[in-house]
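Q: Could you take me on a close look at one part of this structure? I'd like to start from a single residue and then see how its surroundings fit together.

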Amino acid sequence: MNIDRFRKPSKFLVYLLVMLHVLTGCATTSGSGVNVGPRSSSSFSEDMSKTAYSGPKMDVVIPVFSPGLSDKAANYEKEGVWPELRRAEANRFAYKLKKALDDTGKFGAVRVTPDKTASGDLYVLGNIVESNGLEVEFDMQVVDASGKQWLNDNIDYEVGDGFYKNPRNTDKDPYDPAFDKAAADIVKALLKQKPSDLSTVKHIADLRFGASFNDKAFDEYMDTSSTPIKLKGMPSEADPLYERVKAIRVKEQLFVDNLQPNYAAFSQKMNDSYLTWQKASATELKLQQEAQNKSLMKIIGGALLIAAAVAVGSNGSRYDNNLGRDMVTIAGGIGGAVLITSGITSREEAKFHQDAINELGQSLDLEMSPQVVEFENQSTKLTGNMEQQFQQWRAFMARMYELESTPDKAL
């Protein structure tokens, strides 16, 4: 008997070992520790949102988020995006961020607006990048009324594996931590600003609002040749034009305040259906990913098994007879082919889950169509027409400003 034959592994064994390694992976273990004792000082950076704040309360404008839709409608299905759902999310996300900022207690009035033309001290501009029930991502820019950028942030949050399995999370939005994170980032940026600079921004906000009606009267107080805008001076508090625009600005703020219940009602009305969609979409995505992983592993395993069979067939001298060699070759080839075919079937299964996701989105697409709301005895749609109504209101205020020939006349 040739002892060396057993001491030196055959190519067949090498291929089998490689195949087993790929299919099973390497298991590792690591020690687990209990986090006790005083925390590191760096960990307190996350608590900045709880820090006391005594500076000027900035009024925040959050325009409805950009839905992040492709310019080409043909790409919607390919990207897994349903336009009406995204437009509904654009309203919901802006309102969610408003609530998160309100909860910090660091700001004045926080208002959701149809667009960024509304008057405010601080603007938060959001753009949805991803939303599929498992992950939410949006870009966020924070700019004050002078044009100074406070933040250019990306909020990316992945829903935990156990969220949907926990009965205590019923009626909870899995995306809430993303908006809490966004609000905390804005608070951190606020705490870095000097109170005197914030007061200047509030003055600039007043002047810019006035300049939107009468630029000749208010532009002289600002240096707009560069960004951020610089404050050169302020009109007298008794200036009739200044008094007039301040009164009109209060009226606009009241108008926008009256819009807030509409955004709240819309978010609440879509809540049940939206939470159902999030959970169903997350489930389908997980199943799709599992199917894709299963497909990949089967194809890799099949290819390795076929490779092993080919190696045995080309090295027949290691087997006692041709029959044994042929049996191993045939068995390996058939096994590899079966695995590859099974992998293709798994890919078809993954396609089935993708189709299920599409169906979910289309069904919600209809349910989430823009809702008709009433405002001051007029009926309008929340999406689209809200912006039109706001612009009509601005036009009305401009006419009101022109008609006011004396500052003492009631507005």
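A: Let's begin with glutamine 193, which counts as buried because its relative accessibility is 16%. Buried means under 20% relative accessible area, exposed means over 50%, and partly exposed is in between (1.4 Å probe, protein chains only). Before we go on, this is a predicted model, in which local features need pLDDT of at least 70 and side-chain atom pairs count only at pLDDT 80 or more, while totals for chains, interfaces and linings use all residues. Residues are numbered from 1 along each chain as its sequence is written, and side-chain values use heavy atoms, with hydrogens and water left out.

Where does glutamine 193 sit? You will find it in the loop between H5 and H6. Helices (H or I, at least four residues) and strands (E, at least two) are DSSP runs, numbered from the N terminus. If we set aside neighbours within four places in sequence, glutamine 193 is in contact (heavy atoms within 4.5 Å) with Lys148, Trp150 and Leu198. Glycine 55 is 138 residues away from glutamine 193 along the chain, yet their C-alpha atoms are separated by 9.2 Å.

Now step back along the chain into helix H5 (176-191). H5 has 16 residues, and its first and last C-alpha atoms are 23 Å apart, close to the expected 22 Å. The expected span is 1.5 Å times one less than the number of residues. Many residues of H5 are buried, among them Ala178, Phe179, Ala182, Ile186, Val187 and Leu190. What covers these buried residues? The cover includes helix H4 (83-104), strand S3 (122-131), strand S4 (135-144), S5 and helix H6 (195-211).

Aspartate 180 also belongs to H5, but aspartate 180 is partly exposed, because its relative accessible area is 46%. Try finding alanine 100 from there: 80 residues separate the pair along the chain, and their C-alpha atoms are separated by 5.6 Å.

On the other side of H5 in sequence, the loop between strand S5 (149-158) and H5 holds aspartate 171. Aspartate 171 has a positive phi of about 70°, although it is not a glycine. Most residues other than glycine have a negative phi. With 61% relative accessibility, aspartate 171 counts as exposed.

Let's turn to H4, part of the cover over H5. The 22 residues of H4 should span 32 Å at 1.5 Å a residue, and its end C-alpha atoms are indeed 32 Å apart. H4 is mostly covered, with 17 of its 22 residues buried. Just after H4 comes glycine 105, whose phi is positive, near 70°.

A little further along is phenylalanine 107. Leaving aside neighbours within four places in sequence, phenylalanine 107 is in contact with Lys57, Met58, Val60, Leu101, Leu122, Ile186, Val187 and Leu190. Three of those names should look familiar: Ile186, Val187 and Leu190 are among the buried residues of H5. Phe107 and Met140 touch the most other members of the largest nonpolar core, which has 57 residues. Such a core is a set of buried Ala, Val, Leu, Ile, Met, Phe, Trp, Tyr and Cys residues joined through side-chain atoms within 4.5 Å. H4 gives the largest share of this core, 9 residues. A second, separate core of 15 residues includes Phe213, Tyr221, Met222 and Met397. In soluble globular proteins, nonpolar side chains tend to be buried together.

H6 is another part of the cover over H5, and threonine 200 is found in H6. Threonine 200 counts as partly exposed because its relative accessibility is 29%. Lysine 230 is 30 residues from threonine 200 in sequence, and the two are 8.7 Å apart in space, C-alpha to C-alpha.

Finally, zoom out to the whole chain. The chain has 11 helices and 9 strands, and 40% of its 411 residues count as buried. Among contacts with a separation of 6 or more, 74% come from residues 24 or more positions apart. One such pair, found on our tour, is Phe107 in contact with Leu190.
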